Amino acid sequence: MYTQALDSPAAAPDAPSEERERLERFQARIDRDEKIEPKDWMPDAYRQTLIRQIAQHAHSEIVGMLPEGNWITRAPSLRRKAVLIAKVQDEGGHGMYLYSAAETLGVSRGALIEQLLEGRAKYSSIFNYPTLTWADIGAIGWLVDGAAIMNQVPLCRCSYGPYARAMVRICKEESFHQRQGYELMLTLARGSEAQHAMAQDALNRWWWPSLMMFGPSDANSVHTAQSMRWKIKRFTNDELRQKFIDVTVPQAEYLGLTVPDPDLRWDEASQHYRFGEIDWSEFHAVLKGAGPCNRERLEARRAAHENGRWVREAAAAYAAKHHAPVRAAQAG
């Protein structure tokens, strides 16, 4: 999952007393860990925060198919090809689940897709990096999906019911993706010298972008506190990033690979790894459209959308044709 700096401020403090009472009742439900459902009253800021977060998540799943789909025809074995096809198909399904969850908040799927195609919607910055070698497919599964799982498991307890329920299945499938990536990296790392070097190179290029997936540092994430109060988020960006590093560094050591951070060290006192400074200028540049593959990714999505137009039109015509007799019978 892929959510970066999507929190939204709460309602104005000078709201009328009746609205304040509704907000207090709403917050009391959140505090009791009750799920908010589509027909329940909710503050507009809560609704808009969810729309942006779920939409970005959905867009990320759909755009995330592109770096890996590019390698399906070049997979080194039939087994690897079948696994990669299954994974890319899963990502498409995740996008559909999430668009459906967003629709329960009163926004149409068509409107969200239009925002993506027009470049007005964000998706995770990680998918604007190229997959240069087969090892990148392993690195994406191990690091990118590993970071996604770290983000997404807490979302199974999100206060908004449809989003939380969608995440249960998505997290199960993402765990398969992470294991697939790690197994691929293990095979390369224990293979020939050239294969080991390929795995190390992939780790070198994907490590820092994977850390950026958790979003800006807490000091620069202005509205994190509100999203946590609403229990949309359960952990801060920095907390999740630290958990990911603590889990992933020992995995890299087992692979016999070196994390590309000269400042990385184990801190016995805190029982955490300390790590170097992230290049946030790169993060913001990629988010603004200056990443290695920003233009390529959007052009690919626009082309796919246009090429699939005839399918959508045919499906709509078929549905209209077969629903007409039913509507006529109901009218009669």
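A helix here is a DSSP run of at least four residues, and helices are numbered from the N terminus. With that in hand, we can start our walk through this structure, which is a predicted model.

**Starting inside helix H7**

Gln-180 is a good first stop: this residue sits in helix H7, which covers residues 161-189. Is Gln-180 buried or exposed? Its relative accessible area is 9%, so Gln-180 counts as buried. If we set aside neighbours within four places in sequence, Gln-180 is in contact with Val-83, Lys-87, Ile-137 and Gly-141. Keep Lys-87 in mind, as we will meet this residue again among the salt bridges.

**Salt bridges across the chain**

How many salt bridges does the count come to? The count comes to 19. Three of them are set out here.

| Positive partner | Negative partner | N to O distance |
|---|---|---|
| Lys-231 | Asp-33 | 3.0 Å |
| Arg-79 | Glu-183 | 3.7 Å |
| Lys-87 | Asp-145 | 2.6 Å |

Take the bridge between Lys-231 and Asp-33. Lys-231 is in the loop between helix H9 (224-229) and H10, while Asp-33 is in the loop between helix H1 (17-31) and H2, so this pair ties together parts that are 198 residues apart in sequence. The two partners sit in unlike surroundings: Lys-231 is buried, with a relative accessible area of 17%, whereas Asp-33 is partly exposed at 44%.

Next comes the bridge between Arg-79 and Glu-183. Arg-79 belongs to helix H4 (residues 78-103) and Glu-183 to helix H7, and this pair links distant parts of the chain, 104 residues apart. Glu-183 has a relative accessible area of 29% and therefore counts as partly exposed.

Now back to Lys-87, which pairs with Asp-145. Lys-87 lies in helix H4 and Asp-145 in helix H6, so the pair ties together parts that are 58 residues apart in sequence. Both ends of this bridge are hidden away: Lys-87 is buried at 0% relative accessibility, and Asp-145 is buried at 1%.

Salt bridges can also join into a network, as they do for Arg-29, Arg-32, Glu-34 and Asp-40.

**A buried charge without a bridge**

Asp-261 offers a contrast. This residue is found in the loop between helix H10 (237-255) and strand S1 (265-267). Asp-261 is buried but has no salt bridge, and the nearest side chain of opposite charge, Arg-265, is 9.6 Å away. Why does that pair not count as a salt bridge? A salt bridge needs a side-chain nitrogen within 4 Å of a carboxyl oxygen. Not counting residues up to four places away in sequence, Asp-261 touches Trp-207, Trp-208, Phe-275 and Gly-276.

**Helices that cross**

Two packed helices are described by the angle between their axes and the distance between the axes. The axes of helix H2 (residues 44-63) and helix H5 (residues 109-117) come within 11 Å, crossing at roughly 65 degrees. Which residues make this contact? On the H2 side they are Ile-51, Ala-55, His-59 and Val-63, and on the H5 side Leu-112, Ile-113 and Leu-116. Sorted by type, the residues of this contact are six nonpolar, one polar and no charged.

Helix H6 (residues 134-152) and H10 give a second example, with axes that come within 10 Å and cross at roughly 145 degrees. This crossing is right-handed. Among the residues that meet are Trp-142, Leu-143 and Gly-146 in H6, and Leu-240, Lys-243 and Phe-244 in H10. The contact of H6 with H10 divides into nine nonpolar, four polar and one charged.

**Two unusual backbone angles**

Most residues other than glycine have a negative phi. Asp-33, which we met above, has a positive phi of about 65 degrees although it is not a glycine. Gln-271 also has a positive phi, near 60 degrees. Gln-271 lies in the loop between S1 and strand S2 (272-274), and at 40% relative accessibility this residue counts as partly exposed.

**A last stop in helix H11**

Ala-285 lies in helix H11 (residues 280-290) and is partly exposed, at 29% relative accessibility. How far apart are Ala-285 and Ser-125 in sequence and in space? They are 160 residues apart in sequence and 9.4 Å apart in space, C-alpha to C-alpha.

Notes
Residues numbered from 1 in each chain as written. Predicted model: local features only at pLDDT ≥ 70, side-chain atom pairs only at ≥ 80, totals over all residues. Heavy atoms only, no water. Axes fitted to C-alpha atoms, helices over the stretch in contact; angles between N-to-C directions. Helix = DSSP H or I, 4+ residues; strand = E, 2+ residues; numbered from the N terminus. Contact = heavy atoms within 4.5 Å. Nonpolar A, V, L, I, M, F, W, Y, C, P; charged D, E, K, R; others polar. Buried < 20%, exposed > 50% of the residue type's maximum accessible area, 1.4 Å probe, protein only. Lys, Arg positive; Asp, Glu negative; His and termini not counted. Left-handed = near helix turned anticlockwise from the far one by under 90°.
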